[in-house]
Amino acid sequence: MSENQYMQLALELASKAVGRTTPNPPVGAVVVRNGEIVGQGFHPAAGQPHAEIYALEESAERAQGATLYVTLEPCNHQGRTGPCTEAIIAAGIERVVVGATDPNPEVSGTGIKRLAEAGIKITSGTLVDECRRLIAPFAKHITLGLPFVTLKMAMTLDGQTATSSGDSQWISNETSRQHVHLMRDQSDAIMVGIGTILADDPLLTTRLTEGGKDPIRIIVDSKLQIPESARVFDSASTAKVLVVTTEYADPAKLKKLQDSGVEVIVTPANEGRVDLLAMIQELGSRDIQSILLEGGATLAAEALRCQIVDRAAIFVAPKMLGGNDGRTLFSGPGCKQLKNAIRIKDMQVHHFDDDILIEGEIV
């Protein structure tokens, strides 16, 4: 196997815990000696050993003189667990191949420096783009204190999300919908607007064949219109529901919801609606690193306008509604000139049967 293949394996290991390590990043590690994989591991959750520790424990004495491949620079500080640098040195690792350096400005580079001082050979930047993509939510949260927001939507080939009557089930196919549940499983939270709740009464849970983790459900509801019977409350025992509203909310209803155990966040109003910038700062202060924004059109457009979206994931189905009276991805005014269009970089295209998923970072 090549250097890149070993790092790719480390990335695959790390991906097993995406959405479960907050406030830590997901990390994978592989120990290789004489071309043989002798140890591997990933960080499963905050408070648990780091990926390097699992990999070193599995390799045992075979770590002596081996190479360690790790997706993120090993830590060099005492947190809930001890510094991985010291464990690497004690194990007798000869060389460390690092994907991405730690984005935390207070510790970035210190792990690599400590290992180099101990005489360990360092190679940095292997599959760096893939490794940075893996930890993007952690990087944004540790540097800005804000969650990383992924906007997920589905549309027909002619750019519509529903018919004029509101029929939208289903634009995308079953395989695409299963991938969406994986995206939920890998997110700290899922966010929708009150329009989605009133129109679809969704559960907003993760429904994978093998189970999965329910994310925190965030409902943006400026006037607190959410029915007390909304199905999203049915699974509140498995994942928290946060309702975000404004001072325009009915105080009596707000108290009733709170008395029933629902957590309500009151933000300032911006033109009568929830101030999304204030909301996102509040959510970041609660250690929410990643949010899957599932629309609808009004909330999605406002989120783009407020520049809180970091990544777009748009499913395109090979269907056409054949008219201009359906519903589109975004509501409200857009930019007036093409030079001001929102652009996507680091674009990736995936196929889910006959659907296409186009995703990339918002510029």
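User: How should I read the burial of a side chain here; for instance, is Phe315 buried or exposed?

Analyst: Please keep in mind that this is a predicted model. A residue is called buried when its relative accessible area is under 20%, and since Phe315 has a relative accessible area of 2%, Phe315 is buried. Phe352 is likewise buried, with a value of 13%.

User: How many aromatic pairs does the structure hold, and how do I read their geometry?

Analyst: The structure holds two aromatic pairs. In one of them, Tyr6 and Tyr69 have ring centres 5.0 Å apart and an angle of 35° between their planes, and this pair is tilted. This pair links distant parts of the chain, with Tyr6 in helix H1 (residues 3–15) and Tyr69 in strand S3 (residues 67–72), 63 residues apart. Tyr6 and Tyr69 are both buried. The rings of Phe315 and Phe352 lie 6.0 Å apart from centre to centre with their planes at 50°, so they too form a tilted pair. Distant parts of the chain are again linked, for Phe315 belongs to strand S15 and Phe352 to strand S17 (residues 344–352), with their positions 37 residues apart.

User: Turning to charged side chains, how many salt bridges does the structure hold, and where in the chain do the partners of a bridge lie?

Analyst: The structure holds 17 salt bridges, and three of them illustrate how the placement of the partners can be read. The side chains of Lys256 and Glu228 meet in a salt bridge with an N to O distance of 3.6 Å. Lys256 sits in helix H9 (residues 251–259), whereas Glu228 sits in the loop between strand S9 (216–220) and strand S10 (241–245), so that the pair, 28 residues apart, links distant parts of the chain. Lys256 is partly exposed at 48% relative accessible area, and Glu228 is partly exposed at 44%.

A local arrangement is found for Lys255 and Asp259, whose closest N and O atoms are 2.8 Å apart in their salt bridge. Both residues lie in helix H9, four residues apart, which is about one turn of the helix. Asp259 counts as exposed, at 57% relative accessibility.

The third case is the salt bridge of Arg311 with Glu359, in which the closest N and O atoms are 3.6 Å apart. Here Arg311 in strand S15 (residues 311–317) and Glu359 in strand S18 (residues 355–362) are 48 residues apart, and the pair links distant parts of the chain. Arg311 is buried at 7% relative accessible area, as is Glu359 at 14%. Bridges may also share partners: Lys240, Glu263, Glu282 and Arg286 are joined in this way into one network.

User: What is the nearest side chain of opposite charge to Asp221, which has no salt bridge?

Analyst: That side chain is Lys253, and the distance is 5.9 Å. A salt bridge requires the relevant nitrogen and oxygen atoms to be within 4 Å. Asp221 is nevertheless buried, and its place is in the loop between S9 and S10. Beyond residues up to four places away in sequence, Asp221 touches Ile194, Ile226, Val243, Val244 and Thr245.

User: Which residues of the largest nonpolar core touch the most other members?

Analyst: They are Val30, Val31, Leu68, Ile88, Ile93 and Val96, within a core of 37 residues. The elements giving two or more residues to this core are H1, strand S1 (28–33), helix H2 (51–59), S3, strand S4 (95–100), helix H4 (110–117) and helix H5 (128–134). H1 supplies the largest share, seven residues. Another core lies apart from this one and has 29 residues, including Met153, Met191, Leu283 and Leu329. As an example of packing, Ile88 is in contact with Glu52, Leu56, Leu68, Pro74, Ile93, Val96, Leu115 and Ile120, leaving aside neighbours within four places in sequence.

User: How many disulfides does the structure hold?

Analyst: In general, a disulfide is a covalent bond between the sulfur atoms of two cysteines. The structure holds zero disulfides. The cysteine sulfur closest to that of Cys75 belongs to Cys84, and because the separation is 3.7 Å, it is too far for a bond; the cut-off that this step needs is 2.5 Å. For Cys131, the closest cysteine sulfur is also in Cys84, at 16 Å, which is too far for a bond. Cys75 counts as buried at 10% relative accessibility, and Cys131 is buried at 1%.

Terms used
Residues are numbered from 1 along each chain as its sequence is written. This is a predicted model: local features need pLDDT of at least 70, side-chain atom pairs count only at pLDDT 80 or more; totals for chains, interfaces and linings use all residues. Side-chain values use heavy atoms; hydrogens and water are left out. Buried means under 20% relative accessible area, exposed over 50%, partly exposed in between (1.4 Å probe, protein chains only). Rings of Phe, Tyr and Trp (its six-membered ring) pair if their centres lie within 6.5 Å; planes under 30 degrees apart count as stacked, over 60 as edge-to-face and the rest as tilted. A nonpolar core is a set of buried Ala, Val, Leu, Ile, Met, Phe, Trp, Tyr and Cys residues joined through side-chain atoms within 4.5 Å. Contact means heavy atoms within 4.5 Å. Lys and Arg count as positive and Asp and Glu as negative; His and the chain ends are not counted.
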